[in-house]
Amino acid sequence: MAFFSSLCFLLLSSISLSHAAGWVGVNYGRIADNLPSPDKVVQLLKDQGIDRIKLYDTDSTVLTALANSNISVVVALPNEHLSSAAADSSFTDNWVQSNISHFFPSTKIDAIAVGNEVFVDPNNTTKFLVPAMKNVYSSLQKFNLHNSIKISSPIALTALASSYPTSSGSFKPDLVEPVIKPMLDLLRQSQSYLMVNAYPFFAYADNSDKISIDYALFRNNPGVIDSGNGLKYTNLFEAQVDAVFAAMSAIKYDDVPVVVTETGWPSKGDEKEIGANTDNAAAYNGNLVKRVLTGNGTPLRPRDPLNVFLFALFNENQKPGPTSERNYGLFYPNEERVYEIPFTLADLESGVQTPVNGSKVQVKGRQTWCVANGNVAAEKLQAGLDYACGEGGADCRPIQVGATCYNPNSIEAHASYAFNSYYQKMERAAGTCDFGGAAYVVTQPPQYGKCEFPTGY
């Protein structure tokens, strides 16, 4: 999924690889025609307590919107510029001047991702990666920015020849000498970190007969013992990250840190995309956030914090590929949450809950309601309304003729009341405010005439 440009959002502290607890990020993709303006996105970030972002480009509108926001930014040099960056240092000089120093320091740029999953780029840009990284780093030195801004390049787990058992992790032989070692040398020299994109969802969807869903979602499970070193893994994510550490260790780069620049779980998918649903997405992302913010490192690197970027901020309606590609978002384009998860330690302390061994995702101290999506067809709203008031067991008496919430007499108003009644009855569990895309969660009281919507609190 990372073939496509996106923005990534980090939460909490700046990159600090000496603390036990890590930070969490959220990818914000822009391959859509219905997303909020960058100014509105910056406000959303502030409202959610997010003080770090990572871009997959250097869009001037976004960087300008971020100026003086106190939100730190990781930007990127896209794959299509790698050949130019590798061939000519004057190109990277101009690129750094126009896209970095022009905005820094009012826009808090603190790292550059040079390319993205270059090894699987169909345009065969691998040979340009390390020369491009070296030229970008040299250009940063010329502008005296190299101490403030790191460089790296996100790799996919497909760069590994082996990842199971975890201790057998190794890079593909044809990548080691030409690109992996020179890249890790540069990261070591510049005191940077390796960016890695890791998706337990893909492994689970392809091997659901062998991998426990609880193991994939950070739920209680017996765990997996690594036959090579005896370490116990209680979740697939840490096993994947440690496979990268094992691969780095095998070629003597134990001292280079890792940041997971993409990880996530889709809330919807095609029939063959096993496990792609709202409950699992809420469980994976919510439990991962809790694990990262309150835990230490992985079994293989317990002293290194887990630092991750969730994918993604919004559902992106123009992304090609399977249905899942358009449904990784934590937020709908209207800025309402797809499901509730904690983003910060403050959220955890205030009681934002995520699934452990069930699918309930409750929010204590924050009221939420379920309303109809007025942009869907009336037939879809009616079908959801019929289900909620029938099999769903919602209390629909207030929307009957002459009752308190009959007016306004519109399908959207009636469906909103019914959807919310069902949502509250189900204790606001993940997936209970969807109705096939006909509903979404809001955090402000719905306004339909004089009708008061129950909260269930």
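The following paragraphs go through a predicted model of one chain, from its overall dimensions to its disulfides, one helix and some backbone details.

The chain has 457 residues, and a compact globule of that length would have a radius of gyration near 23 Å; the value for the chain is 23 Å, which agrees. The C-alpha trace spans about 75 × 50 × 40 Å along its principal axes. Its secondary structure amounts to 13 helices and 16 strands. Of the 457 residues, 55% are buried. Contacts across long stretches of sequence are also part of the picture: when contacts between residues at least 6 apart in sequence are considered, 70% of them join residues at least 24 apart.

The surface can be described by area and by charge. About 18600 Å² is exposed by the chain, and carbon and sulfur atoms supply 48% of that area. The charged side chains number 34 positive and 44 negative, and the centres of these two sets lie 4 Å apart.

Three disulfides are present in the structure. With the bonded cysteines counted along the chain, their pattern is 1-5, 2-3, 4-6. They can be taken in turn.

Cys 370 is joined to Cys 433, with an S to S distance of 2.1 Å. Cys 370 sits in strand β15 (residues 369-372), while Cys 433 sits in the loop between α13 (411-425) and β16 (439-442), so this disulfide ties together parts that are 63 residues apart in sequence. The angle about the S-S bond is 90°, and the link of Cys 370 and Cys 433 is right-handed. Both cysteines, Cys 370 and Cys 433, are buried.

Another disulfide joins Cys 389 to Cys 396, at 2.0 Å from S to S. This link of Cys 389 and Cys 396 is left-handed, with -90° about the S-S bond. What is the burial state of its two ends? Cys 389 has 30% relative accessibility and therefore counts as partly exposed. Cys 396 has a relative accessible area of 7%, which means that Cys 396 is buried.

The remaining pair to describe is Cys 405 and Cys 451, with S to S at 1.9 Å. Cys 405 is in the loop between α12 (378-389) and α13, and Cys 451 is in the segment after β16, so the pair ties together parts 46 residues apart in sequence. The link of Cys 405 and Cys 451 is right-handed, with 85° about the S-S bond. Cys 405 and Cys 451 are both buried.

Helix α12 also contains Ala 388. This residue has 0% relative accessibility, so Ala 388 counts as buried. Which residues does Ala 388 contact, leaving aside its neighbours within four places in sequence? The contacts of Ala 388 are Gly 393, Ala 394, Ala 418, Phe 419, Tyr 422 and Phe 435. Ala 388 and Tyr 417 are 29 residues apart in sequence, and their C-alpha atoms are 9.7 Å apart in space.

Helix α4 (residues 89-101) gives a further view of packing. Its buried residues include Thr 92, Asp 93, Trp 95, Val 96, Asn 99 and Ile 100. An α-helix has 3.6 residues a turn, so residues three or four places apart point the same way. The elements that the buried residues of α4 pack against are α2 (60-65), β4 (72-77), α3 (82-87), β5 (108-114) and α5 (126-142).

Some backbone details remain. Most residues other than glycine have a negative phi, and most peptide bonds are trans. In this model the peptide bond from Phe 311 to Ala 312 is cis, with omega near 20°. Ala 312 belongs to the loop between β14 (308-311) and α11 (345-350). Asn 407 and Pro 408 are likewise joined by a cis peptide bond, with omega about 0°. Pro 408 is placed in the loop between α12 and α13, and Cys 405 lies in that loop as well.

Positive phi values occur at Glu 117, where phi is near 45°, and at Lys 252, where phi is near 70°. Are these two residues buried or exposed? Glu 117, in the loop between β5 and α5, counts as buried because its relative accessibility is 7%. Lys 252, in the loop between α9 (236-250) and β13 (258-263), counts as exposed because its relative accessibility is 64%.

Methods:
Residues numbered from 1 in each chain as written. Predicted model: local features only at pLDDT ≥ 70, side-chain atom pairs only at ≥ 80, totals over all residues. Heavy atoms only, no water. Helix = DSSP H or I, 4+ residues; strand = E, 2+ residues; numbered from the N terminus. Rg over C-alpha atoms; globule rule 2.2 N^0.38 Å. Buried < 20%, exposed > 50% of the residue type's maximum accessible area, 1.4 Å probe, protein only. Contact = heavy atoms within 4.5 Å. Areas by Shrake-Rupley, 256 points an atom, 1.4 Å probe, with all protein chains shown as cover. Lys, Arg positive; Asp, Glu negative; His and termini not counted. Charge placed at Lys NZ, Arg CZ, Asp CG, Glu CD. Disulfide = S-S within 2.5 Å.
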